[in-house]
Each structure stands twice: as structure tokens, then as C-alpha cells.
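New to this one? Take a look at the sequence and the model below, and then we can walk through how the pieces fit together.

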Amino acid sequence: MSFIKYGMTAIVALTISFSAAAATIDVGGTKIEDAVDLQGSKLQLNGAGVRYRAVFKVYAAGLYLGKKAGTPEEFFAALGPKRMTITLLREVDTSELGKAFTKGFEDNSPRAEMSKLIPGLIKMGQIFSDQKKMLAGENFTIDWIPGTGTIISVKGKQQGEPFKEPEFYVALMRIWLGPNPADAKLKEALLGKPS
């Protein structure tokens, strides 16, 4: 009887540990959770992939929503909280990261919008320049919280006050999901398309 009880306990323990292991996926050698809780909302991984620059892996990214979106239009129309998580796969000078973000804004935002985005860009640039550099394995998140705005957290710590303007969040996310994305293959991966 105790053998059966022990055997059942072992099976339950194995099932629980297997379930926990199944809750992440490997993206470029880093673990990305298949679901996250954001201010009481359960978000599912919409898609994940690696950002390459030439042949080098730069970071792994995951996009989370309340329900799946297969196009940028569906993503931007989705209601509720959203999260983008970025984990660096190599050391990055954060001033270079800031320049890349600015270029992504310029490449994907109508010129008429750019003047409205400049204050947010300066504030975001300051967040990353304060970090000096980020190492492989370190991460940051970009959260959209309806009624609050865009929250950028670096290494798990919120950086400054939220960006209130919805236009800033849309422009920021266009870096990855816009007509001229930072990496076209990453865009497809974030939208859940098979590579």
C-alpha cells in the first residue's frame, strides 16, 4: 500500500515539474514564459523570436496579449494590457540601443507625428542612458496598462513615471511591428507566424 502511495506521489511530483517546465519556451538560448500576469490580467505569449543584427543575435523578444493577434492591426486594436519583453543575448551599449529606438521611431512614424513624440523619445533615451550598458541575460519590459500608460521596467524595476500618451506606445511598438520593422523575421515571430 505504501509503495502505491509513494508511486502516486512521485507521479504527481513529476507531472507538476513537467507542467512547470512546459511553461517556458527556449528562444535563442533564453527562457520565455508562455503566460504572464500583468496587474491582474493573464496574458498569453502571442509570439517570440530573436533580433539579429547581421549574423549576431542581439536579443530575444516575446509579445504578450489577452488573446492572439496575427497582424499588426489586430495587435493595435486589442484591448487590455499588453507586454513586450526583451532579454539581451549579448552585452549592449545602451546609447546604441537608444539610437536604434530613435531610428525605429523615425522609420515607422509619419513625419507629422514625430514632433509630438520627441518628449517621450528624450525621456526614454534618458532611461537607457542611465543604465550605461546591459549585459547578456538582463532584460527590460514595455507594458501598456489602459488608464495608466506605457511602463518601461529595466531588470524588474519600473523606470520613472508612465508615458501617458497612447500615441507614444503605438509608435514604440511600431519599431517591431511597423511597416519598416527592426527585423522582419522577428516581426513575423512576434505575430505567431512559423519561421
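What follows is a short tour of the sheet, the helices and one arginine.

## The sheet

Keep in mind that this is a predicted model. Start with the strands: 7 of them make up an open sheet, and their order is 3-4-5-6-9-10-11. The pairing in the sheet is antiparallel. At the edges sit strand 3 (35-38) and strand 11 (157-158), each of which pairs on one side only.

For a closer look, try strand 4 (residues 41-53) and strand 5 (residues 56-65), which are antiparallel and joined by 9 bridges. If you want a spot to find by eye, Gln44 stands opposite Leu65 in strand 5.

## A helix on the sheet

Helix 4 (residues 111-129) packs on the sheet. The strands that helix 4 touches are strand 9 (139-145) and strand 10 (149-154), and its direction makes about 15 degrees with that of strand 10.

## Helix 3 and helix 4

Two packed helices are described by the angle between their axes and the distance between the axes. For helix 3 (residues 94-108) and helix 4, the axes come within 9 Å and cross at roughly 165 degrees. An angle over 145 degrees counts as roughly antiparallel, so that is how helix 3 and helix 4 run relative to each other. Their crossing is right-handed.

Who does the touching? On the helix 3 side you'll find Thr94, Leu97, Phe101, Thr102, Phe105 and Glu106, while helix 4 brings in Met114, Leu117, Leu121, Met124, Phe128 and Ser129. Sorted by class, the residues of this contact are 8 nonpolar, 3 polar and 1 charged.

## Helix 3 and helix 5

Helix 3 also packs with helix 5 (residues 166-177), at an angle of about 100 degrees and with the axes 8 Å apart. Angles of 65 to 115 degrees count as roughly perpendicular, and therefore helix 3 and helix 5 get that description.

In this contact, helix 3 supplies Phe101, Gly104, Phe105 and Asn108. From helix 5 come Phe168, Ala171, Leu172, Arg174, Ile175 and Trp176. The class split here is 7 nonpolar, 2 polar and 1 charged.

## A stop at Arg174

Arg174 lies in helix 5. Is Arg174 buried or exposed? Its relative accessible area is 17%, so Arg174 is buried, given that buried means under 20%.

And what is Arg174 in contact with, leaving aside its neighbours within four places in sequence? Phe76, Asn108, Ser109, Pro110 and Glu113 are its partners.

How values were computed: Residues are numbered from 1 along each chain as its sequence is written. This is a predicted model: local features need pLDDT of at least 70, side-chain atom pairs count only at pLDDT 80 or more; totals for chains, interfaces and linings use all residues. Side-chain values use heavy atoms; hydrogens and water are left out. Two strands pair if DSSP finds at least two bridges between them. Helices (H or I, at least four residues) and strands (E, at least two) are DSSP runs, numbered from the N terminus. Contact means heavy atoms within 4.5 Å. Axes are lines fitted to C-alpha atoms, for helices over the stretch in contact, and angles run from 0 to 180 degrees between N-to-C directions. Angles under 35 degrees count as roughly parallel, over 145 as roughly antiparallel, 65 to 115 as roughly perpendicular and the rest as oblique. A crossing is left-handed if the near helix is turned anticlockwise from the far one by less than a right angle, and right-handed if clockwise. Ala, Val, Leu, Ile, Met, Phe, Trp, Tyr, Cys and Pro count as nonpolar, Asp, Glu, Lys and Arg as charged, and the others, Gly among them, as polar. Buried means under 20% relative accessible area, exposed over 50%, partly exposed in between (1.4 Å probe, protein chains only).
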